Amino acid sequence: MQRYSILSLAKNALSGHRGWQPAWRSHPLKDRYEVIVIGAGGHGLATAYYLAREFGITDVAVLERGWLGGGNIARNTVTIRSNYLRDESIPFYVKSVALYEGLTRELNFNMMHSKRTMIDVVQTWPKLRDLRRRQLGMDIYGSTYERITTEEVRRRIPALTGGGPDARLPIICGMVHTDAGVNRHDAVAWGYARAADARGVEIHQQTPVTALIRGANGRIAGVETSRGTVKAGKVVVAVSGHTTTLTETVGLKLPLRTMNLTAFVSEPVKPLVDVIVNCPDSGFYFSQSDKGEMVIGGAPDQGQSFRRDIKQHVFEDTVTAMLSLFPSFKKLKLMRQWGGHLDIAHDASPIMDETDVPGLFVTAGWWGGYKAIPAGGLTLAHLVAKGVPHPLMAPFTIKRFRHLDFVMETGTTTAR
Amino acid sequence: MLLIPCPFCGARTESEFAFGGPVKPDRPDPNAVSDEAWVEYVTVVPNPYGPVQERWWHVRGCGTWLTIWRDTRTHEIVEAPDDAG
C-alpha cells in the first residue's frame, strides 16, 4: 500500500501526479474463497478489513452489486454518536465512536472526522425523562450526556429562533452529547477498502449475488453471482435492506422489515451551525457539512419499501417541523434528496450472528448503522474467525428472539 | 405519496391514513404450536421484494380499515380492496 503523507503528496506533486497507485486492485474472480462478504458497504468492508488485520484471514472476497461505497454508506447523514438507552447498546457504540476517532491514523486515510457534539432540543417532558434516563445509563459506560438550559441552547445554536414560550411545543432544555461527530462517508468506504486490499482481500464490484447456495450437509456452500458460482465455507451477508431477499433463497426467515428513511441537503451556505442538531420531538435532525450544506434527516416512510426515494408528504412534514424551530431556513434552497432502504428488526436492535444455516453470517437490522461500522466490522470478524460472539455483540444475536429476550432500543433518532 | 383506494371515500392521499402493518398469518394457539413456531409468529413479518399485503386505517377520513396489495419496489397498489369503488 502506498502510504499517504505530506511527503508523498509533495513528491507526487513534483512528478506531475503520475506516481499514484490505485487505492485497490481489480482481481480476476476465483471460484473459491475462505470467506465471502456480500456487500462492499461500510459493514462489509470493515468486516473484511478486521478479518485480515485482527485474525489473519486474507482469503476473502467482497462481492458488490454496484460500486464500492455506493449503497447505504452513501445514503446516510454521517452522524456518529453513542447516546443509547440500553446496557447492551451503549458499550458497543462507545467502542465504535472510539474506533472512528482513531480511524484516520489506523487506515492512513483522512476521515475528516469532526467531533462537533450533538445537541438534542427537548420540547416535551416525556422526552426529557427519557433522555435523563439515558444519561444515567450512559454515565456508567463513559459516554457523555449533559442537560443545558434553553438559554444555553439558543446561545450555542443562534439560528434556533423558534420554539418560544408561545409555540405549540416550547423548548424546555437541551441535552449535550459531546462524543458525537461527523466524518466523510466516502473516506470510510475507501479507507477500509484500501486497507483491506493491502492485506490481500479481493474486492469485486459489479458482481451481484443472486442467491445463496446450501450444500448437501446443510452448511452454506457458496453464492450464485452474475459472474458464476463462487464457493466458500463462510458467507457474510452485509447488504442492508436486502438481507431477507437473500436469506430467503436458502429458506431462512429473519425478523426484519425493510424500510425507507429519507434525507435531503440544502444549498451550501456560510458556517451557521457548528453542532449536530437533533429535535426528536419535532422529528428532524441536521448538521452542516464542511461544504456548507445543511444535511437534514427526517422520519421513515410508513410501510415497507425497497425504493430509495422520498415521499412528498414525509418531505413536507420534515420541512414544516424544521421551519417551526428554524424559521430563517425558509430561505434555504434544497438541492438533493434521497432515501436509503434499511432493515429494522422486531426490537429495533441490530442482528449480528451465525444463522441456522451453518457458515452463513448476517449483519442486519442496522437502523442508523453508519456509526456502528468499525465496531460492527470488528465484532463480526471476531465471530466469523473464532466462531464465538465478541462480548460486545453477544446481546445482538438472533438467539435472543428464541427467548423473546429483546433489546428494545429507542436510541434510533427519529424512529417513533 | 400513495393514493390509497378507500371503499367509502375513493382514492385518498396517504397522509390521511395510518399504517397498520403487513398482514400476518392467523394467530396460532400458543399451547398448540412449538416455541419456534410461536416465536416466528410473534417476530417475523412478510418482507417481500415485491407485492406485500398490508392493512391501512383511514384514521383522518372515514375510519375504516382496509387491506391492499402494494409493491414494495414501486409503491404501485397492485390490488385494491374488493369493494373499493
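This short talk walks through a predicted model with chains A and B, from the domains of chain A to its contact with chain B.

Let's start with the layout of chain A. The domain assignment gives two domains. Domain 1 comes in three segments: 6-109, 184-256 and 346-415. Domain 2 takes 118-179 and 258-342. Their C-alpha centres lie 28 Å apart.

How many residues of each domain are in contact with the other? On the domain 1 side, 22 residues; on the domain 2 side, 30 residues. Helix 3 of chain A, residues 89-101, gives the largest share of the domain 1 side, with 4 residues. By class, that side of domain 1 has 11 polar, 8 nonpolar and 3 charged residues.

Stay with helix 3 of chain A for a moment. Helix 3 also meets helix 10 of chain A, residues 373-386. The two axes come within 7 Å and cross at roughly 110°. An angle from 65 to 115 degrees counts as roughly perpendicular, so helix 3 and helix 10 of chain A are roughly perpendicular to each other. Which residues meet there? From helix 3 of chain A, we have A:Phe92, A:Lys95, A:Ser96, A:Leu99 and A:Tyr100. From helix 10 of chain A, we have A:Pro374, A:Ala375 and A:Leu378. The class split for this helix contact is 6 nonpolar, 1 polar and 1 charged.

Next, the open sheet of chain A with 8 strands. Read across, the order is 5-6-4-13-14-15-12-16, and the pairing is mixed. Which strands are at the edges? Strand 5, at 146-148, and strand 16, at 334-345; each pairs on one side only. On average, neighbouring strands are turned by 25° against each other, direction ignored.

Here is one pair from inside that sheet. Strand 13 of chain A, residues 276-279, runs antiparallel to strand 14 of chain A, residues 284-288, and 3 bridges join them. In that pair, A:Asn278 stands opposite A:Tyr285.

Two helices go with these strands. Helix 5 of chain A, residues 125-140, lies across strand 4 (118-122) and strand 6 (173-177). Helix 5 runs at about 145° to strand 4 of chain A. Helix 9 of chain A, residues 312-325, packs on the sheet. What does helix 9 touch? Strands 4, 12, 13, 14, 15 and 16 of chain A. The direction of helix 9 makes about 120° with that of strand 15 of chain A.

Now to strands 9, 10 and 11 of chain A. Strand 10, residues 220-225, pairs with both of the others. Strand 9, residues 209-214, and strand 10 are antiparallel over 5 bridges. A:Leu212 stands opposite A:Val223 in strand 10. The hairpin of strand 9 and strand 10 has 5 residues between the strands, and A:Gly218 takes a positive phi near 90° in this hairpin.

On to strand 11 of chain A, residues 228-237. Strand 10 and strand 11 run antiparallel, joined by 4 bridges. A:Glu224 stands opposite A:Thr229 in strand 11. This hairpin goes through 2 residues. Why is strand 10 of chain A largely enclosed by the rest of the structure? Because 5 of its 6 residues are buried.

For contrast, take A:Gly56. A:Gly56 lies in the loop between helix 2 (42-55) and strand 2 (60-63) of chain A. Is A:Gly56 buried or exposed? The cut-off for exposed is 12 or fewer neighbours, and A:Gly56 has 10 C-beta neighbours inside 10 Å, so A:Gly56 counts as exposed. The C-alpha atom of A:Gly56 is 9.9 Å from that of A:Gly200, and the two residues are 144 residues apart along the chain.

Over to chain B. Chain B has an open sheet of 4 strands, order 3-4-5-6, with antiparallel pairing. Its edge strands are strand 3 (18-22) and strand 6 (77-79), each pairing on one side only. The twist averages 45° from one strand to the next. Strand 5 of chain B, residues 65-71, pairs with strand 6 of chain B over 2 bridges. The bridge partner of B:Trp69 is B:Glu79 in strand 6.

Last, the contact between the chains. It takes 20 residues from chain A and 20 residues from chain B. Which elements of chain A each supply at least two residues? Helix 8 (243-247), strand 12, helix 9 and helix 11 (399-402). Strand 12 of chain A gives the most, with 3 residues. By class, the chain A side has 10 polar, 5 nonpolar and 5 charged residues.

Conventions: Residues are numbered from 1 along each chain as its sequence is written. Chains are lettered from A and ligands numbered from 1 in the order in which they are written. This is a predicted model: local features need pLDDT of at least 70, side-chain atom pairs count only at pLDDT 80 or more; totals for chains, interfaces and linings use all residues. A residue is buried if 20 or more other C-beta atoms lie within 10 Å of its own, exposed if 12 or fewer, and partly exposed in between; C-beta atoms are placed from the backbone. Two strands pair if DSSP finds at least two bridges between them. Axes are lines fitted to C-alpha atoms, for helices over the stretch in contact, and angles run from 0 to 180 degrees between N-to-C directions. Two residues are in contact if their C-beta atoms, placed from the backbone, lie within 7 Å. Domain bounds come from an automatic or database domain assignment. Ala, Val, Leu, Ile, Met, Phe, Trp, Tyr, Cys and Pro count as nonpolar, Asp, Glu, Lys and Arg as charged, and the others, Gly among them, as polar. Angles under 35 degrees count as roughly parallel, over 145 as roughly antiparallel, 65 to 115 as roughly perpendicular and the rest as oblique.
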